[in-house]
Every structure is written in C-alpha cells, then in structure tokens.
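Colleague: I would like a close look at a single part of this model, followed outward into its surroundings. Please take the time to connect the pieces as you go.

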Amino acid sequence: MPHTAIEAQVEDGGSASKPQRIIKLSKTTDDSDKKVTNKRVKDIEICVPIVYGTIAFYLGRKASESQSHKWTVYVRGATNEDLGAVIKHVVFQLHPSFNNPTRIVEAPPFELSECGWGEFEIGISIFFHSDVCDKHLDLYHMLKLYPEDESGPQSTKKPVVMESYNEIVFPDPSECFFARVQNHPAVVVPRMPAGFSLPVLAPVENTNEKGRGDTKDHPLSQWFLNFSEADELLKLASARQQVQAHIVKLRRELSVIDGMPQPLKPASSYECT
Amino acid sequence: MDAKDILGLPKTPLPIPQEKKSRPQKDSQRKPDGISREVYALTGGVAPLMPSIDVSQLKRRPPSDEKITWQWLPFTSSARKDDLQLYHWVRVVNGVPPTGDYSFAKYNKSVDVIRYTDEEYEKYLTDPKWTKEETDQLFDLCERFDLRFIIIADRFPTHRTVEELKDRYYSGTHYLYVVSRAILVARAPSPGEVAGHPLVKEPYNVTQETERKRALSMVLSQTKHQERKDAEVLAEAKRIAESRMAARAAEEPDLPVPSDVGPESAEGAVGPGDTISPSNVQAPAAAIAPSTSVIADNASTLASLRMLRVYLRTYALEQMVQAASSSAGLRTIKRVEQTLQDLGVNLKPKVPTKAVCAEHLELRKEILTLLNLQKQLQYKEAEGSSFRDGSYGDMPGTAKRSQRAADQDRTFVPDTISFGVIPGDRVVKREQKRKGPGRTSETPSSPAGAHKRPRKMKASDL
C-alpha cells in the first residue's frame, strides 16, 4: 500500500504570537483511511507497558567536582519496542541548576544524557499523538548516582540502574488510534469483539532522524532490568491462598460459637450482617 | 565540593563594609527590656505590634490618697416591685458609699407582650379552635414567662402543643401589628417600624415548625446502623457527582483545538465530544445500580477512571485500593499493610500489569475480610466471657462452653503469629514477651476489645 510522508508547515491562524512549527507526519493515504472515523472504541482499553528510569556511570579519572557522573534518563517500551507510534514527545524537567532544564525529546528513543554530581527528582512528562490523547502524563523519577552498597570505590564499568515499570492505559481509545496500533509490538491491544472490524492500516514508516526508535540494541540495553509479572503473580497467588484458608478457618470457628446456646442472649449489634 | 558551589552562591564574597553595617543595626534591635535575648528571639525577635497585656498596669497599686473600706450595707433594686431590702458588701471610698441603682437591675429585661382589648379581640382575633378565655390565659402566661413557650405549655391548663401555642400567640400578635395599625399607631412608634418588626417580617409557620421538629427528633434518635447507611448513600452520591464533574472536565479540553497540531485534529476534537455524553450517562447509571457499598465504590472508581483519557496502571490501582478500604479506619489499613508485608508481598507491585494489579486488589480485599472476621471472633469471645463474669456464671454448662471458646481463641492466636497477623496490638506484645508453659495462667486473657472487663480464670467461677 502506498504511503507518503507528509511534511506540513503549520500556521496557526488563531494567534500570531504562537510560533510556527514544522511537523513531520507519517500517514497513510489509503482509501480506507476515510472510513476510519474518530469515534471511540467502547469497552476496550489499550495498554502501553513502559519502563522509565536512569542509568548512571561514574566517570572515574575523567570526573571533575561538578561532573562526577554521566547519566541517562529515558522512557522505553517494556519489551524495548518503539514507542514512537504512541508518544509524540517527552519533556524531561531537570534540576534548575542545569542549563535549559526543560528538555524536550521529540523522537524515540526518548532519552536524555547529562553529566553532573547531584541526585534530584526528574520530572518526566509524556505527550501523546493527537489521535491518542490530548492530555499528557506526568511521572517522577529520582536520579540515583551512588550505589546502595557504599563499600569500596565506585566502578566506572558498572552503572547504577534505577528503573520503574508501569503501564499507560487508554480506557477509551479512538478508532483511529486503535486501528493504527492493532498489530504494533509495543502496544497491548485486546482482541476486538466479534463482528467489529476496522481496516488494517499499514504500519507507519519510521522517518526518525535518529534511526530506529526501538531500544532493542540500545548501547545501554545490557543494563536494562527484566520485569516479569510471573514472579509477582505467583507470590500473590500463594498469599491469597493463605489468606483464603484462614478465612475458611475463622468462618468455621465463628459458626461454632454461634451454634452454642447462651443463657440469655441480649440483642447483639455484633451480629449484624 | 565547595560549599558555595552546592548552594549556588556567587564565588566572590560579599563586600566587607556591608557586613559590618548590618551587624550594629541588628544589635540595637536586640535590646528588649525585661526578657533575655533568647526568649525574645523565640517570640519572633520583633517587638509586638499591640501589647497583649499592659505590664505596667499589673503592678499598679491604688492611689494612696484614697481611703478604702468595705462595709456591709443594705440596698434596694429598681428591678423589684416590692420594697425588699437586702444587704451586701460595698466598697466605700473615703467614707462615701457608691451611688446609683443596684448594678444588676439593668439586666431585668422583659418581653413586650402586646395585650389586646376586648374590642380588638372581637374584631380580629376570634378563632374556632381557641376560646377567648384560653387566649387570655395564653397571653397572661406569655407575659409572665417572657415567651418561654416550653414553660407556658407546661402551665397551660388545657393540653396544647408548644407549636399550637406559638402559632396562636404569634399569629395573634402579627395580626394585631399588621391589621390593626390604626390602633397600634398610638402604641407602636410608626408604621415603618412596625413593618420592620420581626414578627411582621418573618411570620410563624406552624406546619414548617412541626415538620422541622419532627425531622430533628428523627435525626437525633437515629441508630448507629442508620447513620452508617446514610453516610454510605451520601458518599456514593458524592462520588457520582464527582465522576460527572470529571466527565465534564474531560470534555472541555476536547473542544479547543490544540494549537501545535495541524487541521487534522480538528475533526478529532469534535468527534469525542459527541460520544462523551452517552458514556457519561452510562457510567453514573452503572454506579447507582449495585446495592452494596463496596461494589458501588468499585464501580464509581472505574467510572471515574474511564472518564480520564489516560492514566497509569499504578494510579488506577491506588484509586481502587482507596475505594476498597474507604470503610476501614487508619488502623485497619495499617494492619492490612502489615499483613501484606508479612506475606512477602510488595505494598506497591513491582510489575504492575493488569493481572498483577487485579490480584493485588483482590488480596487486599481478602485481607480486609480476614481482619473483619477476626474482629467478629473477638467480639464473640468477649460476649462469651462477659456472661461468665456476670450472674450467669452460675450455670456450669455454659461456663464450660465459653471456656472452650476461650481455649479455641488461645490455640488460634499462635497460628496467626506464623504470619504475624494479630487481632489487637496489645496481644501481640504480650504473646511475644511471654512464651512458655506458664502462658495460660499468666497472660491477661482478654483480647484488646474487651479490656474493660478482664476475664479471670478462677476455679471458683465454675
């Protein structure tokens, strides 16, 4: 199917004060496009699992007083797939002591590297494409430079890694978005209800200047943590079993006590159901 | 690391003459009288704007030229209609007793009860439910008792409710004020003032008053159970209103087109606006239907989550957890968290996928159920024990049974220790401190709930 990359220079006719921005949109110009309206898909939620965090390296010999570490803050897909189909840009809000503390990253991989000496909270604001969501999402992450284990000198080879797993949920996705990411590896899309059909759009061509948007072969990928829900699920299941067993036991004991006749039973408010 | 770097201060030091100037100024400010510098600094280091207590007045003594004596003298009060003479201590200055009326006479205020003439009664005040005699009596009592209707109702010869009496009095007086203005002009200051009189502006409404009092007594006599139900219904209503507000708030950003995206988005903005309204209607309706409050909590939380265009899984979990534990107190919540920790479960899941969050939520709910059951069990224990302590302890059969229940409690508690969940905090400490065979006789036998009447295991009870 033919697709063209549209480069659109947008003029904001409304107010002259707003700057003009050049936006690169990759869009398919299929006929089927026109049939996809911007209605919402009901009762289906689209979920984008992400991992965000920081990796910090001690600079060793090259370290100075004001720049002792080199660190990278990023937002990546949990399976290291390209998030560019969902995320338009990410704004990293750094400590005010940095020059231009508001850094905007407009293409995947959404990351930022800097040198510094201090630990602080980084604000991460995720902005989505217009057909995905108008609202942005705010996350916070504490930059960690120094390892937990303070014994011994810091290694320049082994970085300090802090990652958090989370899932971005779109409870009410637009049909356009849904159609676009149906088969996208970074996105978890439930099966469509029977009888519901949307035209399958070709995957978007990546016109990213950075090259690929996924992080599978990212230079730092060897340090990425593995997040497996299996462990947690197992633990939760066993905990639930324990609790359920106790509940059964208590219920039995309560029924035993209830079964015992009392000499004079006052109207007991404890027995309300 | 240079401290100045950390603080972000400029590297060049402040010019020295400036520093010297600021210091002498501060010194002069730090000279309060009477209290030490540190104490002064405690109160802010600045002189107060308004002196709270005038210290100079406290040590003042009466002027030495005045001679003060206290004498036991008789007095009369203008508030009294008889000539009763009483005695009291009087502060006499230089042999001259104080003049003037009794100082409390000015507080003898009474209500201006309008009295009608017989003529006025015939003209304006006849009422099928009231005889002239009764109305006369009523107005007499009103004057005597300064419109204290509860007393008047007590003293009234025939049985009338306070509301009826009030109604008769106020409507009668109202009528007299408004209708018979010609007569009243002589007595009342002016028509204008008459109109401004509260009796005229806000007439007494019998039905409203009776209803209000009935409602008040209903509220006061509500049982705890009813109170709880009312609170639940109100909370639910609030949540529904909030989810509607969230829907409205979510709608608004759709309408203005975001300025940095091209015209394609204009269509996108209009579309969702239409579909929001049907889903808005559905969500509150779904929240109203369920009968129990827990399901309502969940449904309304889900509805409000769906109103958001985007949210994080962890946020959703937090909201659901909050909704599920909304009926639990802080202590219960802490206990749930303690239980989770003892079970080796993270309070906030490390890998919050949809499945993990769902399991986590269910686990929390089950722990809540468990704690509730434990509490119920405690209460039953306490009930059983209070029977034994009282006169019902004479019956040997029941005494034995409740003792058995107590034993069950004993055997149960050690099990819960295995993963650390204990009904009451106090019991935890006791059990942990005294482990050993002597436990049964030494440990205070009442669980935290029934600590008012400790159970004593005496052979004499049996």
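Colleague: Does A:C47 count as buried or exposed, and at what relative accessibility?

Modeller: Please keep in mind throughout that this is a predicted model. A:C47 counts as buried, because its relative accessibility is 7%, and the cut-off for that term is a relative accessible area under 20%. The strand around this position gives a similar setting, for β3(A), which covers residues 46–58, is mostly covered, with eleven of its 13 residues buried.

The pairing of this strand can be described partner by partner. Toward β10(A), residues 160–170, there are eleven bridges, and the two strands run antiparallel; within this pairing, A:Y52 stands opposite A:S164. Toward β4(A), residues 69–77, nine bridges are found, again in the antiparallel sense, and here A:Y58 of β3(A) faces A:H69 across the pair. As a general point, side chains in a regular strand alternate between the two faces of the sheet.

Since the residue you chose is a cysteine, disulfides deserve a word. The structure holds zero of them over all chains. For A:C47 in particular, the nearest cysteine sulfur belongs to B:C357 and lies 9.7 Å away, whereas a disulfide would need the two sulfur atoms within 2.5 Å. Another cysteine of chain A, A:C115, is partly exposed, with a relative accessible area of 23%.

Charged contacts can be followed from the same strands. A:E167, whose number falls within the range 160–170 of β10(A), is linked with A:E45, B:R313 and B:K354 in a network of salt bridges, and this network therefore includes residues of chain A and of chain B. Over all chains the structure holds 17 salt bridges. One of them joins the side chains of A:E81 and A:K216, with 2.6 Å from N to O. This pair links distant parts of the chain, 135 residues apart: A:E81 sits in the loop between β4 and β5 of chain A, and A:K216 in the loop between α2 (175–181) and α3 (229–259). The two ends are covered to unlike degrees, since A:E81 counts as buried at 16% relative accessibility, while A:K216, at 40%, counts as partly exposed.

The loop that holds A:E81 leads on to β5 of chain A, and that strand belongs to an open sheet of four strands, in the order β6-β5-β8-β9, whose pairing is antiparallel. At the edges stand β6 (102–105) and β9 (137–142), each with a single partner strand, so one side of each is left without a neighbour in the sheet. From one strand to the next the twist averages 20°. Inside the sheet, β5(A), residues 87–93, is joined to β8(A), residues 121–128, by six bridges, and A:F92 has A:I124 of β8(A) as its bridge partner.

Turning to chain B, two further salt bridges can be set beside the one in chain A. B:E209 and B:R212 meet through their side chains at 2.8 Å, N to O; because they are three residues apart in helix α12 (residues 206–220) of chain B, about one helical turn separates them. In this pair B:E209 counts as buried, at 15% relative accessibility, and B:R212 as partly exposed, at 42%. B:D146 forms a salt bridge with B:R148, whose closest N and O atoms are 3.8 Å apart. Here B:D146 is partly exposed at 23% relative accessibility, and B:R148 is likewise partly exposed, at 48%.

Chain B also carries a nonpolar patch on the surface, formed by B:W70, B:W72, B:Y87 and B:W89, with about 560 Å² of accessible area together. The elements giving two or more residues to this patch are β1 (68–75) and β2 (86–93) of chain B, and B:W72 is found in β1. Elsewhere in chain B, another nonpolar residue, B:L302, lies in helix α15 (residues 293–307) and is partly exposed, with a relative accessible area of 42%. Its C-alpha is 7.9 Å from that of B:M320, a residue 18 positions away in sequence.

To return to the starting point, A:C47 is a buried residue that takes part in no disulfide, and the strand β3(A) is mostly covered.

Methods
Residues are numbered from 1 along each chain as its sequence is written. Chains are lettered from A and ligands numbered from 1 in the order in which they are written. This is a predicted model: local features need pLDDT of at least 70, side-chain atom pairs count only at pLDDT 80 or more; totals for chains, interfaces and linings use all residues. Side-chain values use heavy atoms; hydrogens and water are left out. Buried means under 20% relative accessible area, exposed over 50%, partly exposed in between (1.4 Å probe, protein chains only). Two strands pair if DSSP finds at least two bridges between them. Axes are lines fitted to C-alpha atoms, for helices over the stretch in contact, and angles run from 0 to 180 degrees between N-to-C directions. Patches are made of residues with over 30% relative accessible area and no salt bridge: like charges are joined within 9 Å, nonpolar side chains (Val, Leu, Ile, Met, Phe, Trp, Tyr) within 5 Å. Accessible areas come from the Shrake-Rupley method with a 1.4 Å probe; for residues, only the protein chains shown count as cover. A salt bridge is a side-chain nitrogen of Lys or Arg within 4 Å of a carboxyl oxygen of Asp or Glu.
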